[in-house]
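Here is a friendly note to go with your first look at this structure. Please keep the view open as you read, and turn to each place when its point comes up.

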Amino acid sequence: MTSIDAAGVVDFVLAGRRTLPRDPLAPLLLARRVLRHSTSLGGFRGEKAAALLTGVAAHAMGRLPSIASAAVAMLLGHLAHGSGWPLPRGGSARIAGAMAVDITAHGGLYHTGSPVTDLRQLRHARTVFLDTGPKTFLAPAASRLPSTAGTSACSPTVP
């Protein structure tokens, strides 16, 4: 894949899809690779390669394997090879620290180490950020979600 192809794939995936892609071959290039890596048509060989792709695909927070998670894996893997993994200097804790400073600077409060067992505990909060995954979120949010919650793509399954 050339850098022109690479730019076309990124543009296609990250664009708002309100217009035709600038590079009409990019969707075909991406589709071919997504189908190859999300089905039994081929893809990575060996346990280490499968584990790597599965780890990247898990960022889609959906069912594994699936075409959607394969597309996320292809995009993130593609971006990593093009410009490297975006890592903050000093580690990811620096992102949380910067958010805490910004919240405080704007008059907000934040609490850490406080388990939330029911979202009703937070009924007076204007904004809530929870550090949890979709499956873990189901228990404290049960009182505010439809009874079918957790039966769709928000409850990842790994074969």
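1. Let us begin with L75, a residue of helix α4. Is L75 buried or exposed? L75 counts as buried because its relative accessible area is 11%, and the cut-off for buried is under 20%. Beyond its neighbours within four places in sequence, L75 is in contact with V10, V13 and L14. You can also look from L75 towards V56: the two lie 19 residues apart along the chain, and their C-alpha atoms are separated by 9.5 Å.

2. Please bear in mind that this is a predicted model. The mean pLDDT of the chain is 78, and 82% of the residues reach at least 70. Residues 153-159 have a pLDDT below 50; in the model this stretch has 13 contacts beyond near neighbours in sequence. Where pLDDT is low, the predicted coordinates should not be read in detail. Which helix has the highest confidence? That is α5 (residues 93-105), with a mean of 92, while the lowest confidence is found in α1 (residues 3-14), with a mean of 71.

3. For the overall plan, the chain has six helices and zero strands. Read from the N terminus, the order of elements is therefore simply α-α-α-α-α-α. Of the 159 residues in the chain, 22% are buried. Take the contacts between residues at least 6 apart in sequence: 39% of these join residues at least 24 apart.

4. Now to the largest nonpolar core, which has 15 residues. Which residues have the most contacts inside this core? They are V9, V13, L30, V34, A73 and M74. Four helices, α1, α2 (26-38), α3 (47-57) and α4 (67-83), each supply at least two of the core's residues. In soluble globular proteins, nonpolar side chains tend to be buried together. L30 is a good place to centre your view: leaving out neighbours within four places in sequence, L30 is in contact with V9, F12, V13 and M74.

5. Helix α3 is worth turning around in the viewer. L53, V56 and A57 are buried in α3. Why do they count as lying on the same side of α3? Their arc around the axis is only 100°, so they share one side of this helix. The other side of α3 carries E47, K48 and A51, which are exposed.

6. Just beyond α3, please check the peptide bond between L64 and P65. This bond is cis, with an omega of about -10°. Most peptide bonds are trans. P65 belongs to the loop between α3 and α4.

7. S69 is another residue to inspect, and its place is in helix α4. Is S69 buried or exposed? S69 counts as buried, because its relative accessibility is 2%. The side chain of S69 reaches the backbone oxygen of R63 at 3.5 Å. Setting aside residues up to four places away in sequence, S69 touches A57, A60, R63 and L64. L64 is also one partner in the cis peptide bond with P65.

8. How many salt bridges does a search of the whole structure find? The search finds one. Its partners are R120 and D118, whose closest N and O atoms are 2.6 Å apart. Side chains of opposite charge can pair when their charged atoms come close. R120 counts as partly exposed because its relative accessibility is 47%, whereas D118, at 18%, counts as buried.

9. A last stop is M99, found in helix α5. M99 has a relative accessibility of 43%, so this residue counts as partly exposed; the partly exposed class runs between the buried limit of 20% and the exposed limit of 50%. How far apart are the C-alpha atoms of M99 and Y110? They are separated by 9.8 Å, and the two residues are 11 residues apart along the chain.

Conventions. Residues numbered from 1 in each chain as written. Predicted model: local features only at pLDDT ≥ 70, side-chain atom pairs only at ≥ 80, totals over all residues. Heavy atoms only, no water. pLDDT = per-residue confidence, 0-100. Contact = heavy atoms within 4.5 Å. Core = buried A, V, L, I, M, F, W, Y, C linked by side-chain atoms within 4.5 Å. Buried < 20%, exposed > 50% of the residue type's maximum accessible area, 1.4 Å probe, protein only. Salt bridge = Lys/Arg side-chain N within 4 Å of Asp/Glu carboxyl O. Arc of directions from axis to C-beta. Polar contact = N/O pair within 3.5 Å; in protein donor to acceptor, adjacent residues only side chain to side chain.
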